[in-house]
Amino acid sequence: MALYTGKSIVVTGASSGIGKALCLALAPQRPRLGLAARDTARLEEVAAQCRAAGAETRVVPTDVTSIDQCRRLVDRTVEAFGCLDVLVNNAGVGMLARFDETEDLSVYERLMKVNYLGCVYPTYYALPHLKKSRGQIVVMASLAGLTGVPTRSGYAATKHAVFGFFDSLRIELDGTGVSVTMVAPYFVRSEIHRRAAGPDGQPLGASPMQEDRIMTAEECAALTVAGMERRQRLVITNWRGGRLSRLLRIFAPGVVDGLARKAVREGK
Ligand SMILES: NC(=O)c1ccc[n+]([C@@H]2O[C@H](COP(=O)([O-])OP(=O)(O)OC[C@H]3O[C@@H](n4cnc5c(N)ncnc54)[C@H](OP(=O)(O)O)[C@@H]3O)[C@@H](O)[C@H]2O)c1
């Protein structure tokens with residue numbers, strides 16, 4: 001029997017990109033998946049694919065910026081499956097604008113609500129159930145939570161907040177059996193870049209990335225599942241942009257600034 005067979009798992013942001021790929025990567029283990037995002041039709045499509053691959057599913061349309069909807073997400077999942085073993089906080093949105101060229105400052109608030117509070121709220125309601133199951137919290141953070149990224153200042157701030165919150169929570173949870181796994185992907189092929197807010201706060205509409213030169217959502221999902229299965233503390237998906245940068249940051253922080261500048265300029 002696989003590790004997640006019969007386990008009750010909530011994934012936010014399951015309607016596209018990494019969240020969808022993660023549900024599909026887990027499905028062959030026959031878990032019970034609670035799929036959350038705002039777009040119900042897309043969630044239903046993902047759910048059907050997961051069922052075809054072996055999972056039981058429950059779609060719970062959720063806006064993670066709403067406290068009430070996050071409570072409902074956890075309640076509905078526990079009602080359906082009887083327990084909660086894993087919460088994956090994955091929902092997120094992006095931005096792409098230099099700070100001094102930003103025309104719509106509300107983007108900074110919107111990103112904080114989705115990327116940061118949208119992790120805090122589901123975690124709050126999931127925690128009593130996760131303590132009972134000695135379960136796990138998985139957070140789709142970003143390398144931008146570990147270093148600065150030009151044109152992504154608001155996004156990087158949300159991901160730094162996420163690291164600060166969950167690194168603190170991990171210590172509070174010591175002895176409860178609940179683990180926290182932070183995932184820090186480098187660039188991944190998904191919808192986030194074309195949906196990212198530009199300087200005027202509107203979606204860019206087209207990705208500025210070299211999408212065929214970056215990791216696929218399926219590759220990122222496979223690395224995430226492997227890290228989840230080991231209850232790894234931190235999953236860094238990329239050698240150059242990730243693990244090497246962490247070392248360099250201590251000894252040569254200016255080099256890391258240059259790497260971040262180059263990555264954004266080249267879009268890969
Ligand atoms: N792609 C990358 O390069 C990359 C790199 C590092 C980290 N990440 C992180 O990976 C996570 C997934 O992003 P992705 O790349 O897969 O992007 P994506 O394809 O745009 O997927 C984002 C998901 O979040 C959901 N979402 C957005 N706002 C929401 C809200 N208010 N309430 C509920 N769900 C919401 C979207 O669904 P609805 O629109 O249906 O609500 C969608 O399912 C994010 O946290 C992102 O920051 C991505």
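## Ligand shell and salt bridges: worked exercises

In this predicted model, the largest share of the shell around the ligand comes from α6, which supplies 3 residues.

**Exercise 1.** Describe the residues that surround the ligand, and state which helices contribute to the shell.

*Solution.* Begin with the count: 31 residues surround the ligand, and the closest are I18, R38, Y155, S190 and R195. Next, sort the shell by character, which gives 15 nonpolar, 10 polar and 6 charged residues. Finally, turn to the helices, where α1 (17–26), α5 (153–172) and α6 (192–195) each supply at least two residues of the shell.

**Exercise 2.** Identify polar atoms of D63, I192 and H193 that lie close to N or O atoms of the ligand, using a cut-off of 3.5 Å.

*Solution.* For D63, a polar side-chain atom lies 3.0 Å from a nitrogen atom of the ligand. For I192, a backbone N or O atom lies 3.3 Å from an oxygen atom of the ligand, whereas for H193 a side-chain N or O atom is 3.3 Å from a ligand oxygen atom. The protein buries 97% of the 870 Å² that the ligand exposes when taken alone.

**Exercise 3.** Decide whether E191 and R195, which form a salt bridge, are buried or partly exposed.

*Solution.* The closest N and O atoms of E191 and R195 are 3.8 Å apart. E191 has a relative accessible area of 17%, so E191 is buried, while R195, at 43%, is partly exposed. Salt bridges with shared partners join R42, E191, R194 and R195 into one network.

Key: Residues are numbered from 1 along each chain as its sequence is written. This is a predicted model: local features need pLDDT of at least 70, side-chain atom pairs count only at pLDDT 80 or more; totals for chains, interfaces and linings use all residues. Side-chain values use heavy atoms; hydrogens and water are left out. A residue is near a molecule or strand if one of its heavy atoms lies within 4 Å of it. A polar contact is a pair of N or O atoms within 3.5 Å; within protein, one must be able to donate a hydrogen and the other to accept it, and residues adjacent in sequence count only if both atoms are side-chain atoms. Accessible areas come from the Shrake-Rupley method with a 1.4 Å probe; for residues, only the protein chains shown count as cover. Helices (H or I, at least four residues) and strands (E, at least two) are DSSP runs, numbered from the N terminus. Ala, Val, Leu, Ile, Met, Phe, Trp, Tyr, Cys and Pro count as nonpolar, Asp, Glu, Lys and Arg as charged, and the others, Gly among them, as polar. A salt bridge is a side-chain nitrogen of Lys or Arg within 4 Å of a carboxyl oxygen of Asp or Glu. Buried means under 20% relative accessible area, exposed over 50%, partly exposed in between (1.4 Å probe, protein chains only).
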